[in-house]
Amino acid sequence: MMEEKTTVLENQKLNLLNREKLTLTGIHDVLSFDANEVLLDTCQGILMIRGDELHVSRLTLEKGEADIDGRIDSLTYSNQGPGKNGESIWNRLFK
């Protein structure tokens, strides 16, 4: 008997209120964070959030949810893995 495999696609939701409060779903992991930048691994790729006085006010990895407060200046996605020459995600993001 063959088992049927189903693929569940994750959705991601971003809700930004007045560039001051960001609510996200689809979060897999927090790669790094400080007052000026938060780097997240999400179901849609790596998400870099830049701004000022950023604060992760709520993080629930079991549910894949996060809230970030502060002045949010930019949201940037990268869905690339390591390059052919072994270049890391960090080197590509910070060129």
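# Reading the sheet and its core

User: What makes up the largest nonpolar core here?

Analyst: In this predicted model, the largest nonpolar core has 12 residues in all: Leu-22, Leu-24, Ile-27, Val-30, Val-38, Leu-40, Leu-47, Ile-49, Leu-54, Ala-66, Ile-68 and Ile-72. At least two core residues come from each of β2, β3, β4 (37-42), β5 (45-60) and β6. As a general point, nonpolar side chains in soluble globular proteins tend to be buried together.

User: What does Ile-49 touch?

Analyst: Setting aside residues up to four places away in sequence, Ile-49 touches Leu-22, Asn-36, Glu-37, Val-38, Leu-40, Leu-54, Ile-68, Ile-72, Ser-74 and Leu-75.

User: Why is Glu-37 called buried?

Analyst: The cut-off for buried is under 20% relative accessible area. Glu-37 has 15% relative accessibility, so Glu-37 counts as buried. This residue lies in strand β4.

User: What makes the Glu-37 and Arg-50 pair a polar contact?

Analyst: The distance part is easy to check: the cut-off is 3.5 Å between N or O atoms, and the two side chains come to 2.9 Å. So Glu-37 and Arg-50 make a polar contact, side chain to side chain.

User: How do you know that Gln-12 is buried rather than partly exposed?

Analyst: Gln-12 comes in at 19% relative accessibility, and buried means under 20%. Therefore Gln-12 goes in the buried class. Gln-12 is in the segment before β1.

User: Which polar partners does the Gln-12 side chain have?

Analyst: One is the side chain of Tyr-77, in a polar contact at 2.7 Å. There's also the backbone oxygen of Thr-25, which lies 3.3 Å from a polar atom of the Gln-12 side chain. Beyond four places in sequence, the contacts of Gln-12 include Leu-24, Gly-26, Ile-27 and Thr-42.

User: Why is His-28 called partly exposed?

Analyst: Partly exposed runs between the buried cut-off of 20% and the exposed cut-off of 50%. His-28 has a relative accessible area of 37%, so partly exposed is the right label. His-28 sits in strand β3 (residues 27-33). Leaving out neighbours within four places in sequence, His-28 is in contact with Glu-10, Asp-41, Thr-42, Cys-43 and Leu-61. The C-alpha atoms of His-28 and Leu-40 are 7.5 Å apart, with 12 residues of separation along the chain.

User: How do you know that β1 and β2 pair?

Analyst: Pairing takes at least two bridges. Strand β1 (residues 14-17) and β2 have 4 bridges in the antiparallel sense, so they qualify. Asn-15, for one, has Thr-23 in β2 as its bridge partner. The two strands form a hairpin with 3 residues between them, and Asn-18 in the turn has a positive phi of about 55 degrees.

User: What about β6 and its partners?

Analyst: β2 and strand β6 (residues 65-78) share 5 bridges, antiparallel, so that pair passes the two-bridge test as well. Leu-22 has Ile-68 as its bridge partner in β6. β5 and β6 also run antiparallel, joined by 12 bridges, and Asp-52 stands opposite Arg-71 in β6.

User: What makes β1 and β3 edge strands?

Analyst: The open sheet has 6 strands in the order β1-β2-β6-β5-β4-β3, with antiparallel pairing. β1 and β3 each pair on one side only, and that makes them the edge strands. Neighbouring strands are turned by 35 degrees against each other on average, direction ignored.

User: Which side chains of β2 are buried?

Analyst: Side chains alternate along β2 (residues 21-25): Leu-22 and Leu-24 point to one face and are buried, while Lys-21, Thr-23 and Thr-25 point to the other and are not. Leu-22 and Leu-24 also belong to the largest nonpolar core.

Technical notes:
Residues are numbered from 1 along each chain as its sequence is written. This is a predicted model: local features need pLDDT of at least 70, side-chain atom pairs count only at pLDDT 80 or more; totals for chains, interfaces and linings use all residues. Side-chain values use heavy atoms; hydrogens and water are left out. Buried means under 20% relative accessible area, exposed over 50%, partly exposed in between (1.4 Å probe, protein chains only). Contact means heavy atoms within 4.5 Å. A nonpolar core is a set of buried Ala, Val, Leu, Ile, Met, Phe, Trp, Tyr and Cys residues joined through side-chain atoms within 4.5 Å. A polar contact is a pair of N or O atoms within 3.5 Å; within protein, one must be able to donate a hydrogen and the other to accept it, and residues adjacent in sequence count only if both atoms are side-chain atoms. Axes are lines fitted to C-alpha atoms, for helices over the stretch in contact, and angles run from 0 to 180 degrees between N-to-C directions.
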